[in-house]
Amino acid sequence: MDPILKGLNDKQIEAVKAVDGPVLVISGPGSGKTKALTHRVAYMMANGINPGHILALTFTNKASAEMRDRIQNLLKRRMDMPTIGTFHSVGLRILRREIGALGYSENFSISDSDDQLALVKRIMGELEIDPKRYNPRTMLNKISKLKTALVSPESYQPKDFTEKLVAKIYRLYTDELKRMNMLDFDDLIVLPVRIFKERPRVLAKYHAQWKYILVDEYQDTSHDQYQFIQLLAQKNRNLFVIGDDAQSIYMFREADIRNILNFQKDYPDAKVVLLEQNYRSTQNILAAAQGIITNNKSQFPKTLWTDNSQGERIVVKETLNERAEANYIISQIAAGLRQGRYLHDFTVLYRTHAQSRAIEEALITKGLPYQIVGGIKFYERKEIKDILAYLRFIHNPTDTLSFERIYNIPPRGLGPSAYKKIMAVREKNIFEAVKKTTADETKPDTPLKKFQKLMEDLRQTASEKPLTKTIGHIVEKINYEEYLKTLTVVKNAPENLEERMENIQELKTVARGYDGLDPDEGRGRFLEEIALLQDADRTKDETPRVNLMTMHSSKGLEFPVVFIVGMEEGLFPHARSVYQPHEMEEERRLCYVAITRAKERLILTHTKYRNIYGTTEVNLPSRFLAEMPQDTLDYQFLDPNGDEEIIKYEI
DNA sequence: CTGTCGTTTATTTTT
DNA sequence: TAAACGACAG
């Protein structure tokens with residue numbers, strides 16, 4: 001037997017060996033999906049398929065990196081690696097070569113979601129649309145929805161008044177982005193699709209290159225991603241998709257579960273493999289998960305099974321309030337630690353970020369180290385965004401969004417009126433517009449003139465010095481630390497200042513990798529790369545910590561002991577999902593995902609009283625509890641003398 | 001232009 | 001509860 005197939009079960013082997021033609025693999029939680037995927041790629045390479053002909057698409061950088069690592073480890077000798085990347089990075093790679101066809105210039109930059117929102121707000125301001133009546137965020141969502149549905153501003157047929165507004169904003173939004181030579185995230189998929197459709201010869205080039213295509217997390221693909229895949233795969237038809245419809249939890253982000261459900265319609269000759277053996281969880285945990293998910297209508301029929309032991313019952317614990325809930329969790333962690341578990345064996349999952357507060361407070365009181373996974377991302381921090389905005393404006397002076405961000409940060413006496421003046425005379429290049437505006441000013445040292453001089457100086461440095469030097473120079477020249485001080489003094493949080501300066505240091509560490517390049521090119525690559533990175537790989541210390549995260553961020557992970565807190569109607573399922581059946585089903589899948597993170601021990605908690613937005617709510621236990629087979633559960637109801645709870649759990 | 005004050009609103013978010 | 005935003009006075 002091929003050594004690469006060793007350690008795989010029959011189904012996994014089937015998935016690995018079906019190299020030619022369309023293949024759909026439905027992989028249950030803990031069924032060795034990544035194993036199947038990576039072994040398949042290694043198998044293909046070991047059997048003479050040119051790695052250059054293989055394209056593997058993932059959703060996250062993390063998944064890409066893991067796949068690359070594991071494939072490398074499977075190979076006997078060093079070989080060229082296939083193209084492995086996120087949808088967006090592969091889209092970007094294509095655009096870098098092909099975007100000329102659409103009339104953009106090649107030094108385009110990529111806007112982040114804050115930029116997008118700022119742009120929509122600006123446009124709505126110009127159109128005098130009341131942002132209270134029409135939420136800019138909602139409008140942006142609608143635009144993004146249209147884009148992912150591949151509806152262009154030209155082809156959009158608005159029906160009612162609101163849609164007509166959306167159409168207007170959408171059109172201006174698109175024009176303005178193009179004018180700034182900027183792309184949004186959606187464009188990284190949508191534009192390659194357009195090029196493929198309009199330029200068969202370009203598409204043919206990619207057909208010749210990528211003859212084998214693999215897609216991870218196929219259930220999460222949106223319509224544009226679906227088109228992207230279909231176009232690339234239509235010639236050779238060697239399309240391997242793997243995923244789990246039951247774990248689709250990103251519908252709200254345009255994931256279209258029909259893509260996976262209809263794969264066999266798209267490819268009637270598709271080979272279908274079900275990975276149903278679970279290597280992760282106890283029988284009880286699996287039974288609970290299965291019990292939940294069977295309440296959903298549309299899904300791929302499958303039954304998970306495991307050779308693992310039955311395991312202990314799932315604890316359903318009722319507590320008085322969220323403080324007692326947190327204390328209970330800590331008591332359970334303490335008990336686990338006494339039995340030899342480590343802090344990182346424990347994970348607390350919640351539906352909304354707001355719920356982490358009570359848990360954190362309890363952990364801090366008891367001095368237990370923890371880490372929040374997800375939450376505020378590195379590149380979303382103000383100090384990072386500020387510095388990056390300077391870099392982006394230096395790099396692309398047509399980027400009015402970055403200009404908008406920095407022209408008065410730190411405060412230098414520039415405001416809306418100065419901004420209007422500049423925008424009035426702008427062609428494309430804002431830096432030139434600033435020059436034009438200052439030319440009319442008679443006084444010698446106006447704030448705008450100072451700004452102009454500052455930017456000239458920064459641009460000079462940026463074009464000559466390595467990237468880290470430039471960053472240091474920016475921070476120094478704009479007196480950024482002083483500015484941060486004024487911010488943190490107001491909020492009375494000096495520890496914040498230190499942390500923020502450390503973050504800037506961290507940014508420099510990332511930038512160092514580009515110092516060796518030509519300054520302009522290095523800056524470009526740096527900005528491009530971090531546009532696609534949502535979190536920096538910061539080298540964390542190795543202290544074991546309790547993990548806290550939303551159920552969404554837990555997808556793909558596993559832990560010996562999992563707590564799911566807030567198992568209450570209104571919270572989980574979330575109140576906003578209850579009335580829409582398809583949203584209710586998504587909540588249920590989320591529950592399925594959360595439960596199946598647990599390997600050995602699962603504890604579900606709900607409270608009688610919960611403080612929410614400052615008012616106390618009385619919540620019923622979540623309906624999901626009733627949907628689990630009751631013989632897998634161990635109910636622990638609230639002691640009638642509820643007050644004692646908090647004391648009882650002291651450790 | 002800047003800072004303060006009151007009002008509003010509140011999921012999840014791989015890029 | 002608290003953050004985020006817009007209105008308004010200095």
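Here is a short walk through the DNA-contacting surface and one pocket of this predicted model.

Some housekeeping: residues count from 1 along each chain as written, with chains lettered from A and ligands numbered from 1 in written order. Local features need pLDDT of at least 70 and side-chain atom pairs 80 or more, while totals for chains, interfaces and linings use all residues, and side-chain values use heavy atoms, leaving out hydrogens and water.

Let's start at DNA strand B. It has 31 residues around it, with Arg253, Arg351, Lys377, Gly415 and Gln534 the closest (near means a heavy atom within 4 Å). Of the strand's atoms that come within 4 Å of the protein, 56% belong to sugar and phosphate. By class, this surface splits into 10 nonpolar, 14 polar and 7 charged residues (Ala, Val, Leu, Ile, Met, Phe, Trp, Tyr, Cys and Pro are nonpolar, Asp, Glu, Lys and Arg charged, the others, including Gly, polar). Helix 18, residues 416-424, gives the largest share, 3 residues (helices are DSSP runs of H or I, at least four residues; strands are E, at least two).

Now zoom in on atoms. Asparagine 408 puts a side-chain N or O atom 2.7 Å from a phosphate oxygen of DNA strand B. For serine 417, a polar backbone atom lies 3.5 Å from a phosphate oxygen of that strand. Aspartate 220 has a polar side-chain atom 2.9 Å from a base oxygen of DNA strand B.

Finally, look at the lining of the second largest pocket. Helix 15 contributes its largest share, 6 residues. Its class make-up is 12 nonpolar, 11 polar and 11 charged residues.

Notes
A polar contact is a pair of N or O atoms within 3.5 Å; within protein, one must be able to donate a hydrogen and the other to accept it, and residues adjacent in sequence count only if both atoms are side-chain atoms.
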